[in-house]
Amino acid sequence: MEVDKAPISCAQLFPSREAAERSASCRLEITLCRDCAHIWNAAYQPSPISLYGEDYYSSVTVSGQAREHQVSLAQELDRLIGFNGKKVLEIGCGDGFFLQSIKSLKADVIGFEPSATFTLSAEFPGVQVFNEHFDFTQPLDLHGDPDMVVMRHVLEHLPAPRQQLSSCLLYTSPSP
């Protein structure tokens with residue numbers, strides 16, 4: 001599928017209709033990898049401007065249904081791997097609600113979120129969120145390796161997802 005002019009961001013708040021119409025656009029060339037089923041925009045070009053300024057706001061947890069979904073996802077992951085005493089790193093954690101859901105299951109949590117949405121995470125005691133892009137190129141001092149790295153709604157933003165996913169191995173160590 002190809003679209004010549006699509007909004008570069010779907011989570012930006014504009015002061016007027018005119019400002020929205022003048023906003024940056026991009027070309028979409030939706031592509032499917034037949035080997036792994038990953039879908040991405042093959043026409044992706046890094047934006048010369050940061051999209052994650054004060055007017056970028058993406059939080060779906062104002063919806064009860066979205067909160068319920070995130071809580072049930074955390075519970076299902078807990079059932080599969082058990083969060084008690086584990087450290088979870090979420091890249092692109094948005095408002096921190098999902099991390100809070102994991103924390104309630106007795107995990108230590110840390111998140112990275114480049115947008116202004118990160119400010120909402122302050123509502124969740126014990127949820128630490130850094131307002132910055134996650135650096136896939138070098139290990140960070142996270143006070144111990146995470147047991148799990150989570151990326152929800154992030155892969156579509158990565159220009160080299162295979163390489164960046166492989167770099168997550170720098171942060172995790174195999175279980176004994």
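Begin the tour by selecting Arg79 and Glu76, whose side chains meet in a salt bridge with an N to O distance of 2.6 Å. The model on display is predicted. Both residues belong to helix H2, which spans residues 64-81, and they are three residues apart, about one turn of the helix. Arg79 is exposed, at a relative accessible area of 59%, while Glu76 is partly exposed, at 35%.

Next, select Arg152 and Glu90. Their side chains also form a salt bridge, at 2.8 Å from N to O. Arg152 sits in the loop between strand S7 (148-150) and helix H4 (161-167), and Glu90 in strand S4, so this contact ties together parts of the chain that are 62 residues apart in sequence. Arg152 and Glu90 are both buried.

Now move to the charged residues Glu2, Asp4, Arg27 and Glu29, which salt bridges with shared partners join into one network. Within this group, display the pair Glu2 and Arg27, a salt bridge whose closest N and O atoms are 3.0 Å apart. Glu2 lies in strand S1 (residues 2-7) and Arg27 in strand S2; the pair links distant parts of the chain, 25 residues apart. With 55% relative accessibility, Glu2 counts as exposed; Arg27, with 31%, counts as partly exposed. The salt bridges in the model number five.

Remain with strand S2, which covers residues 25-32, and select Ile30 within the strand. Ile30 has a relative accessibility of 34% and therefore counts as partly exposed. Add Met1, Leu32 and Ile39 to the selection: together with Ile30 they form a nonpolar patch on the surface, with about 400 Å² of accessible area in total.

The next stop is the pair of cysteines Cys33 and Cys36. What separates the sulfur of Cys33 from a bond with the closest cysteine sulfur? The sulfur of Cys33 is 3.6 Å from that of Cys36, which is too far for a bond because a disulfide requires the two sulfur atoms to be within 2.5 Å. Cys36 is accordingly in no disulfide, and the count of disulfides is zero. The two residues can also be compared by accessibility: Cys33 is buried, with a relative accessible area of 15%, and Cys36 is partly exposed, with 45%.

Then turn to strand S5, residues 108-112. Is this strand mostly covered or mostly open? Strand S5 is mostly covered, as four of its five residues are buried. On one pairing, strand S4 (residues 87-91) runs parallel to S5 over five bridges. To locate this pairing, select Ile91 and its bridge partner in S5, Phe112. Trace the chain from S4 through helix H3 (residues 97-103) to S5; this β-α-β crossover is right-handed.

Strand S5 also pairs with strand S6 (residues 128-130), again in the parallel sense, over three bridges. Select Ile110 to find the residue opposite, Gln128 in S6. When inspecting the side chains here, recall that in a regular strand they alternate between the two faces of the sheet.

To close, return to Glu90 and display strand S4 around this residue. The view then brings together the buried salt-bridge partners Arg152 and Glu90 and the parallel pairing of S4 with S5.

Methods
Residues are numbered from 1 along each chain as its sequence is written. This is a predicted model: local features need pLDDT of at least 70, side-chain atom pairs count only at pLDDT 80 or more; totals for chains, interfaces and linings use all residues. Side-chain values use heavy atoms; hydrogens and water are left out. Patches are made of residues with over 30% relative accessible area and no salt bridge: like charges are joined within 9 Å, nonpolar side chains (Val, Leu, Ile, Met, Phe, Trp, Tyr) within 5 Å. Accessible areas come from the Shrake-Rupley method with a 1.4 Å probe; for residues, only the protein chains shown count as cover. A salt bridge is a side-chain nitrogen of Lys or Arg within 4 Å of a carboxyl oxygen of Asp or Glu. Helices (H or I, at least four residues) and strands (E, at least two) are DSSP runs, numbered from the N terminus. Buried means under 20% relative accessible area, exposed over 50%, partly exposed in between (1.4 Å probe, protein chains only). Two strands pair if DSSP finds at least two bridges between them. A crossover is right-handed if, with the strands pointing away from the viewer, the path from the first strand over the helix to the second runs clockwise.
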